[in-house]
Amino acid sequence: MEVEQQRSKKDDDLATNGSGGGTEEEEVSVEKIFEASHEVPPSWQHQLTFRALIVSFILAILFTFVVMKLNLTTGIIPSLNISAGLLGFFFVKTWTKILNKAGVLKQPFTRQENTVIQTCVVASSGIAFSGGFGSYLFGMSDIVAKQSAEANTAMNIKNPHLGWMIGFLFVVSFLGLFSVVPLRKIMIVDFKLTYPSGTATAHLINSFHTPQGAKLAKKQVRALGKFFSFSFLWGFFQWFFTSGDDCGFANFPTFGLKAYESKFYFDFSATYVGVGMICPYLINVSLLIGSILSWGIMWPLIGNQKGNWYSAKLGPSSLHGLQGYKVFIAIAMILGDGLYNFIKVLGRTIFGLYKQFKNKDVLPVNDRSSPNIVKISYDDKRRTELFLKDRIPSWFAITGYVVLAIVSIVTVPHIFHQLKWYHILTMYIIAPVLAFCNAYGCGLTDWSLASTYGKLAIFTIGAWAGAANGGVLAGLAACGVMMNIVSTASDLMQDFKTGYMTLASPRSMFLSQAIGTAMGCVISPCVFWLFYKAFPDFGQNGTAYPAPYALVYRNMSILGVAGFSALPKHCLMLCYIFFAAAVIVNGVRDAVGPKWARFIPLPMAMAIPFYIGGYFTIDMCVGSLILFIWRKLNKPKADAYSSAVASGLICGEGIWTLPSSVLALAGVKPPICMKFLSSSTNMKVDSFLNPS
């Protein structure tokens with residue numbers, strides 16, 4: 001997702017306020033608390049237990065369904081690390097409790113094992129995003145190609161198939177793991193990068209395994225389970241009313257039929273109410289502003305130019321008509337925002353490295369200068385000692401990268417003959433540098449720019465391959481190669497930070513990430529295949545699963561190969577304006593500082609509803625409103641339980657897609673169609689049905 005880069009700080013709030021962990025200079029030594037309870041970290045082999053892998057596999061399937069549904073609807077995917085850590089704790093704690101009562105418990109449940117589960121689950125479900133099932137990979141299909149007026153020849157089309165999707169993911173998803181392993185000590189110990197999401201997850205897991213934290217974790221799990229059940233049953237109830245097109249609560253014209261036509265309505269989605277509770281207020285408000293600007297103002301005005309700016313004979317899906325403005329202006333904003341943040345993070349990376357090597361000191365983080373003398377706490381000494389104990393040899397990482405690169409260079413051109421071996425070789429020579437930049441920048445800012453690096457690959461490799469040689473497909477495939485490398489690299493370093501703070505061995509972390517990635521390479525394509533086969537209108541604009549970013553990514557590739565010939569009249573000028581606006585707004589946000597930046601919308605978030613519509617933004621704003629009122633009434637309780645409640649809402653409706661897909665495959669249709677008509681249309685329908 002695009003907004004997935006901008007992670008919520010609520011993870012930190014939950015870790016510090018809700019679960020008893022402390023982040024203010026770690027006034028209370030966490031490791032001394034665990035030493036007082038006689039905790040001895042198990043060996044790395046005993047951290048990676050059979051039960052941990054079983055629980056990870058079950059949770060990986062659950063979270064893959066959730067991420068896939070979000071990916072194929074709007075592309076907004078919140079951080080699910082908290083949910084993974086919480087559910088992992090609940091499952092294994094229940095497991096060990098039963099075995100303990102039976103008198104056969106051989107190994108107690110430790111925070112290191114909890115960390116392994118969280119790492120494995122997030123690595124597996126992360127493939128549902130980096131695998132491109134809602135973006136570059138599905139953008140290769142004829143379903144998406146038919147929605148584009150350009151480059152829809154057989155050379156630029158490759159339809160999904162379970163075999164090649166699994167093979168492709170296996171040969172490209174592991175290189176990122178090996179690319180940054182030699183730098184783990186530099187990143188975590190020497191540079192002391194914060195990795196806020198990894199740090200927040202570590203605080204949460206540490207707190208779970210103290211008596212007070214375990215008690216709160218049980219309450220959080222109960223809240224998650226309660227709202228999971230509600231969300232699942234609500235999805236089941238809604239299914240009965242969706243017998244035809246535009247039927248059911250998801251098409252409820254909350255603000256009237258005119259607003260419904262402009263995609264402004266509350267669609268009763270528990271998933272996006274939950275996502276709204278997790279995402280920061282600013283993202284939700286930015287989405288709403290983007291909806292109003294596009295569907296409330298711009299598209300009606302441009303629609304009035306039908307017959308003048310574009311032909312009145314064009315269909316609603318033609319990119320030479322109104323659809324072209326929606327898609328390409330959204331692309332311009334996404335590219336403007338991505339380019340600005342790429343330059344900003346790269347600049348901070350270079351400046352940080354310069355300061356580090358010049359002063360041989362801790363990096364300045366969040367614009368605070370580091371002290372000249374750094375006092376090393378007991379916790380840091382203890383964590384560093386164990387973090388450096390189970391070393392992963394550099395020769396192993398380098399050899400692994402080279403071997404996997406050779407396999408990939410040989411294999412990928414057989415999957416995508418438009419992508420030549422020298423294209424892949426060039427990417428793999430450059431990829432370790434980009435993986436380092438992404439992992440380093442993520443440590444400073446908590447932003448992963450994986451999709452930005454993927455877009456760079458689309459334009460460069462696509463243009464290099466050329467239009468005559470299937471450059472559109474080559475660009476999309478190159479995007480997949482690059483995104484998987486840089487995304488996995490930053491995820492691994494986040495998990496190393498979590499492992500560092502929970503005394504989990506780097507070896508167990510690396511293996512759990514590799515196992516989770518392998519799980520994801522099988523689970524994600526299978527889940528996608530279920531969606532693909534179960535819903536006959538899959539991938540079509542305006543349906544339940546439109547996969548909106550697939551068309552966006554395909555058109556980026558067309559733009560990179562064919563130039564601006566695909567754009568309708570005045571669209572290029574509007575693209576320039578919105579590209580510049582995205583850069584300027586980001587510049588202003590940084591210039592005014594965090595105090596005022598929280599009142600300035602995010603261009604990336606504003607761009608999403610330009611193409612999709614504003615219906616889901618209403619849901620997310622409802623989620624924000626619920627959280628806002630809850631915090632006003634009882635802030636400590638809201639901070640402690642809001643993530644659990646939101647996760648329950650997201651996971652419940654998300655997992656309902658499994659039985660609904662099975663029902664669709666079995667040919668079982670809902671019995672009722674609930675549809676809303678205007679009074680005049682209703683009279684016509686009545687007179688038609690009752691001609692007497």
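Reader: How far does helix H11 reach from its first C-alpha to its last?
Author: This is a predicted model. Helix H11 covers residues 196-208, which makes 13 residues. At 1.5 Å a residue, the expected reach is 18 Å. The computed reach is close to that, at 18 Å.

Reader: How many of the residues of H11 are buried?
Author: Buried means under 20% relative accessible area. By that cut-off, H11 is mostly covered. The count of buried residues is 13 of 13.

Reader: How many helices and strands does the protein have?
Author: Helix H11 (residues 196-208) is one of the helices. Strands number 0 in the protein. The helix count is 28.

Reader: Why does the protein count as compact as a globular protein of that length?
Author: The globule rule gives 26 Å for 692 residues. The radius of gyration of the protein is close to that value, so the protein is as compact as a globular protein of its length. The C-alpha atoms fill a box of roughly 85 × 55 × 50 Å along the principal axes. The radius of gyration itself is 25 Å.

Reader: What share of the residues of the protein is buried?
Author: The accessible surface comes to about 27900 Å². Carbon and sulfur atoms hold 66% of that surface. Of the 692 residues, the buried share is 59%.

Reader: Among contacts between residues at least 6 apart in sequence, what share joins residues at least 24 apart?
Author: A contact here needs heavy atoms within 4.5 Å. Pairs at least 6 apart in sequence form the base. The share joining residues at least 24 apart is 83%.

Reader: How far apart do the centres of the positive and negative side chains lie?
Author: The protein has 55 positive side chains. The negative ones number 36. The centres of the two sets lie apart by 1 Å.

Reader: Is valine 285 buried, partly exposed or exposed?
Author: Valine 285 sits in helix H15, residues 281-303. Its C-alpha is 37 Å from that of methionine 509, which is 224 residues away in sequence. Partly exposed runs between 20% and 50%. At 43% relative accessibility, valine 285 is therefore partly exposed.

Reader: Which loop holds lysine 263, and also phenylalanine 268?
Author: Most residues other than glycine have a negative phi. Lysine 263 has a positive phi near 65 degrees, and phenylalanine 268 has one of about 60 degrees. Phenylalanine 268 is also partly exposed, at 23% relative accessible area. Lysine 263 lies in the loop between H13 (257-261) and H14 (270-278), and phenylalanine 268 likewise lies between H13 and H14.

Conventions. Residues are numbered from 1 along each chain as its sequence is written. This is a predicted model: local features need pLDDT of at least 70, side-chain atom pairs count only at pLDDT 80 or more; totals for chains, interfaces and linings use all residues. Side-chain values use heavy atoms; hydrogens and water are left out. Helices (H or I, at least four residues) and strands (E, at least two) are DSSP runs, numbered from the N terminus. The radius of gyration is taken over C-alpha atoms; the globule rule is 2.2 Å times the number of residues to the power 0.38. Buried means under 20% relative accessible area, exposed over 50%, partly exposed in between (1.4 Å probe, protein chains only). Accessible areas come from the Shrake-Rupley method with a 1.4 Å probe; for residues, only the protein chains shown count as cover. Lys and Arg count as positive and Asp and Glu as negative; His and the chain ends are not counted. The place of a charge is taken as NZ of Lys, CZ of Arg, CG of Asp or CD of Glu. The expected span of a helix is 1.5 Å times one less than its number of residues.
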